[in-house]
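Trainee: Please take a close look at one part of this model for me. I'd like one cavity to start from, and then whatever helps me place it.

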Amino acid sequence: MPEYIWPQAADRRLIGSRVSRLDGPVKATGRARYAYDTNRRGMLWAIMVQSPHAHARITAIDTSEAEATPGVVAVHIIQDVGTEIQWAHDEIVAVAATSEEAARDGAAAVKIDYEVLPHFVTERNLQAAPDAQPAQAETTGDPATAIASAAARSSGTYHAAQIAHCSLESHGQVTEWQDDETLTVWASTQAISGVASQLGEAVGIPASNVHVETQYMGGGFGSKFSADRWGVVGSELARVTGRPIKLMLDRNQEVSVAGARPSTHVEVEAGADGDGNVVAWNSRGWGSGGPAGAGSPPIPYVFEFENQTHAHTSVPTNTGPARAWRAPNHPQACFVTMRALEDLAHEAGMDPLDLFLKNIEKTGARSSTYAEELEKAAALIGWRDRWHPRGEQTGTVRSGLGLALHTWGGRGHRSNCEVLAYRDGLVEARIGSQDLGTGTRTVIAIVLADTFGLALDEVKVTMGRSVLPVSGASGGSTTVGGVSGATRRAALNAVEAVLERIAPRLGTEATNLLLKDGQLHFVDASHPAMSWKQAASLIGVNPVSAMGANPGPGQLTDSGVGGVQMADVSVDMETGVVSINKLVAVQDCGLIIDMKTAESQVYGALIMGVTYALTEERVFDPLTGRMLNADMEFYKLAGIADVGEMVVHMMTGPGYDERGVIGLGEPPVIAPGAAIANAATNAAGVPINEMPMTPERVLAAIEAGGMA
Amino acid sequence: MRRFEYTSPQTADDAVRMLSSEGAAALAGGTDILSLMKDGAAAYSRLVNLKGIRGLGGIRNTDAGMEIGATAKLGDLLEHHGLVTMFPAVAEAAMGVGSRQVLSMRTVGGDLCARPRCWYFRAGFGLVPMHDGESMAKQGDNRYHAIFGNSGAAVFVNPSSLAPPLIALGASATIHGADGPRTIALEDLYRTPASSDESEFTLGFGEIVTHVTIPPPSSQNATYEVRNRKGMDWPLATASVAVSDGAARVVLGHVAPTPWMSAAAGEALAGGLTDASAAAAGDAAVADARALSGNGYKIQLTRVAVKRAALAARGG
């Protein structure tokens with residue numbers, strides 16, 4: 001049995017180096033085919049009619065005009081008369097037609113009557129919420145007494161608005177029945193295997209008869225795990241019509257119904273002793289992400305204090321429901337906690353970096369990592385030279401620094417990989433995972449190539465099909481650990497199997513053979529080394545096949561990362577416009593397989609962080625309950641001019657590499673909002689407590705703080 | 001898809017004839033009208049392409065001043081050295097569009113005649129949307145709505161980038177109709193409708209804007225925009241300032257149903273562009289502003305935009 005370990009630093013050729021993503025060229029040239037790009041012979045387009053009301057009961061549906069609309073082939077009622085609709089834009093009827101335009105005409109011809117019911121969509125003021133769930137408090141120690149006796153005390157109320165996932169490729173799929181029992185689905189999904197199971201159940205065929213394919217995916221961020229109603233509707237329409245169905249959400253639906261991150265509103269009191277030790281935390285908050293309300297963010301975040309309590313109230317709203325948003329609940333918890341600690345440092349007359357270092361032991365197992373990362377980040381942004389006490393600057397445009405810590409698990413998910421070695425020298429990994437654009441395909445290729453000692457163009461990755469060996473959903477930063485663990489084990493097993501296959505043909509024992517640097521070596525030096533090509537030619541017509549799984553033997557993966565981010569921003573005191581000068585992200589994630597795509601993950605996360613910090617929010621109309629900005633005009637995503645200079649430093653080497661591979665997708669998106677808000681607060685000299693930090697809100701903070 | 005006719009006349013007379021029909025609309029760059037149609041905010045039975053009309057584009061110096069054709073692209077303005085040099089207020093407003101794609105497609109006429117971005121209007125509730133007999137926007141979310149000229153039911157803001165600087169510079173608009181051309185002050189192109197049945201433009205049936213003319217150069221002019229995003233984003237408030245022969249004109253954008261001329265701000269700058277007069281002009285500009293429930297911050301943004309435009313016109 002091979003030894004299941006990662007190669008030592010000296011033996012890594014590709015692992016840890018900067019490899020450009022393998023599918024970059026096909027994406028940049030438009031040749032990569034996404035679910036949205038899939039077109040099938042005889043395909044119909046489906047469009048879904050949405051509820052114009054945020055809360056209503058369906059009293060009548062008349063589809064006769066829709067059915068008579070030229071080009072319309074089928075009309076499918078999704079939610080029938082009597083159903084109570086809980087959010088605007090919810091799907092009621094689907095229309096399939098020979099063109100997108102005809103389907104839209106048909107959808108416009110559907111007549112639906114509603115009994116309109118009262119709606120509630122704006123939860124910022126808790127007192128106005130009609131159905132708030134009672135608060136559940138979690139308490140350690142005696143926070144009230146500890147705060148009362150603290151040497152320094154801070155208090156504040158912090159708000160983060162509801163945001164959407166707004167994936168660039170909207171949700172949806174093309175569905176096609178091969179026969180009565182076999183369904184093929186080209187889906188924009190984070191979970192090909194899970195979608196196959198869900199759709200099989202929904203349409204009444206074995207999951208093994210549902211073939212899901214996702215080669216390229218245009219963003220999911222946690223919102224694309226499910227087969228979804230539109231997956232089932234598309235499958236049913238395809239069955240009824242006997243034709244392939246393309247059903248992709250339009251931008252309005254994508255932003256309004258296909259995923260939200262809950263809002264968070266939290267009142268905090270915190271206290272520190274005379275040495276800057278944080279001794280007390282007392283908070284209560286509320287939030288909403290749709291009819292199910294919102295889960296409780298982990299507050300206080302990262303730190304655990306001797307005396308702490310947090311009570312959370314879940315507020316249902318008539319808005320499109322929440323889905324897991326990249327590091328669910330963590331960005332909100334980080335924002336609230338780090339803002340409050342910045343405020344406490346100010347009240348204690350301390351540099352927040354000193355306050356964080358003073359209390360670093362309270363972060364638990366990762367405390368030494370945080371300490372290292374804080375020093376690294378501080379050096380990269382020039383904290384010690386450039387930090388100034390809050391509000392010390394004068395002038396119209398004032399700059400400031402802010403920092404935040406985050407944490408995440410990221411243990412590799414269950415994954416299976418088959419590695420095949422062919423006699424022409426090709427080595428192939430087959431794995432039922434999906435590449436969301438994060439570099440998964442590239443990571444698998446690197447692990448496979450490095451294990452065989454081959455170049456990247458000598459290996460092949462076959463993935464993105466549910467018929468391949470099952471791999472978990474891509475979410476929660478679990479993919480890189482899962483696929484690299486499974487691929488490494490399968491590749492090590494395959495190397496061993498190859499040597500056992502060819503050893504007799506070379507008149508030696510497998511134990512006398514060693515595959516390294518593209519060559520087959522004889523350990524006893526009885527023969528000169530031969531090329532991999534020559535060695536592979538001895539494999540025979542049947543390729544060698546070996547399986548590998550994660551989890552499995554050997555320490556290839558781990559869980560638990562830290563991460564520190566610092567922001568340098570400017571605040572225009574007259575307009576409230578916040579500008580990013582520089583962001584520094586220092587991140588650990590164990591052994592890094594591809595430094596370049598790892599850094600890209602962090603850059604992308606910082607941009608996403610700038611967006612939720614400064615510009616994006618779901619705006620709901622109090623009158624109609626509809627989302628007013630379900631578009632990309634007023635649902636504002638940051639552009640390249642908004643993001644400033646970004647510096648990414650990945651922690652590697654001793655202390656990090658030997659932990660094995662740990663996920664990276666979530667961690668770097670957690671802290672940007674908190675770090676930017678702290679920097680804005682430091683710059684403006686007044687607490688800036690609300691995301692997104694629009695000119696409107698920043699001006700209000702400046703006015704409230706007496707700095708106008 | 002609603003069927004519509006498409007026609008591409010060669011002359012302004014033909015265009016006017018083809019536009020003199022119920023449900024006809026002019027098409028130039030298409031940056032606004034196509035999204036209006038796709039979003040269902042407007043429906044037209046005929047689109048009349050203006051891009052094929054000779055003489056409707058281009059930028060020319062004439063005795064009357066600099067003449068800018070209606071089908072000149074916003075990007076053309078930025079490539080015209082004389083315009084950029086003499087009328088930075090116009091160039092800065094075009095730059096503020098923030099999108100190379102839009103600069104390459106959007107025409108001057110299309111910008112001047114663009115429909116409002118009000119989210120109630122774009123969602124199909126009409127230009128002056130009403131709910132229980134009251135303005136929807138006044139009762140709803142009006143963070144991007146008007147702080148001037150909002151006493152009636154219309155509280156959308158005019159979305160034109162170019163109208164404020166052009167009006168500040170005293171530009172005229174030449175309009176072609178069934179009776180031939182007529183020329184008006186550009187500010188007279190705009191009106192505040194009382195209901196969704198009325199237009200926000202004074203154009204008569206079938207009329208098109210053929211060109212605008214900026215009279216000989218004012219010595220100092222500038223535009224300042226406040227936006228949330230630095231890239232493509234609608235301004236929250238803008239101000240254009242132009243000073244000529246001791247007289248100053250200040251025109252505000254994105255704060256009223258029409259481009260909003262602030263006579264008081266102009267008077268404050270009449271004595272010259274100084275730190276003090278710029279600040280006074282900002283204060284004067286917003287003296288009669290009236291916030292709706294959710295847009296009070298735009299008053300401060302407008303005050304600052306006026307002050308900064310005045311200082312920029314002075315040269316920093």
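Mentor: Let's start with the second largest cavity, which has a volume of about 120 Å³. Before we go further, this is a predicted model, with local features needing pLDDT of at least 70 and side-chain atom pairs counted only at pLDDT 80 or more, while totals for chains, interfaces and linings use all residues. On bookkeeping, residues are numbered from 1 along each chain as its sequence is written, chains are lettered from A and ligands numbered from 1 in the order in which they are written, and side-chain values use heavy atoms, with hydrogens and water left out.

A cavity here is a set of points, on a 1 Å grid over the protein atoms alone, where a 1.4 Å probe fits but cannot get out; residues with an atom within 4 Å of a point count as lining. Grid points are joined across faces, edges and corners, and the volume is the space filled by probe spheres set on the points.

So who's around our cavity? Its lining has 14 residues, and those nearest the centre are A:Glu617, A:Thr694, B:Arg143, B:Tyr144 and B:Asn228. Split by class, the lining has 6 nonpolar, 4 polar and 4 charged residues. For that split, Ala, Val, Leu, Ile, Met, Phe, Trp, Tyr, Cys and Pro are nonpolar, Asp, Glu, Lys and Arg are charged, and the others, Gly among them, are polar.

Now for its company. Searching the whole structure turns up 6 cavities of 30 Å³ or more, and the largest has a volume of about 180 Å³. Of the 16 residues lining that largest cavity, A:Phe634, B:Arg117, B:Tyr144, B:Val157 and B:Trp234 are closest to its centre. Its lining divides into 10 nonpolar, 2 polar and 4 charged residues.

With names from chains A and B in both lists, the interface is the natural next stop. There, 33 residues of chain A are in contact (heavy atoms within 4.5 Å) with 30 residues of chain B. The area buried between them is about 2800 Å², with 55% of it given by carbon and sulfur atoms; buried area means the accessible area (1.4 Å probe) that two parts lose on being put together, summed over both. A:Glu574, A:Leu623 and A:Phe634 supply 22% of what chain A buries against chain B, more than any other three residues. You've already met A:Phe634 by the centre of the largest cavity.

Charge comes into it as well. Side chains of opposite charge can pair when their charged atoms come close. Between chain A and chain B the count is 6 salt bridges, each a side-chain nitrogen of Lys or Arg within 4 Å of a carboxyl oxygen of Asp or Glu. One to click on joins A:Asp572 and B:Arg308, at 2.6 Å from N to O. There are also 13 residue pairs in polar contact between these chains, both residues at pLDDT 80 or more. A polar contact is a pair of N or O atoms within 3.5 Å; within protein, one must be able to donate a hydrogen and the other to accept it, and residues adjacent in sequence count only if both atoms are side-chain atoms.

Which elements bring chain A to this face? Helix H3 (100–109), strand E27 (578–588) and helix H17 (695–704) of chain A each supply at least two residues, and H17(A) has the largest share, with 4 residues. Helices (H or I, at least four residues) and strands (E, at least two) are DSSP runs numbered from the N terminus. The side of chain A that touches chain B has 14 nonpolar, 7 polar and 12 charged residues.

Stepping back, the structure holds 51 salt bridges over all chains. Within chain A, A:Arg284 pairs with A:Glu267, their closest N and O atoms being 3.2 Å apart. A:Arg284 lies in strand E16 and A:Glu267 in strand E15 (residues 264–272), so the pair ties together parts of chain A that are 17 residues apart in sequence.

A last backbone detail: the peptide bond between A:Ile299 and A:Pro300 is cis, with omega about -5 degrees. A:Pro300 sits in the loop between strand E16 (278–287) and strand E17 (307–314) of chain A.

Note on methods:
On a 1 Å grid over the protein atoms alone, a cavity is a set of points where a 1.4 Å probe fits but cannot get out, and a pocket is an open set with protein on both sides within 12 Å along at least five of seven lines; lining residues have an atom within 4 Å of a point.
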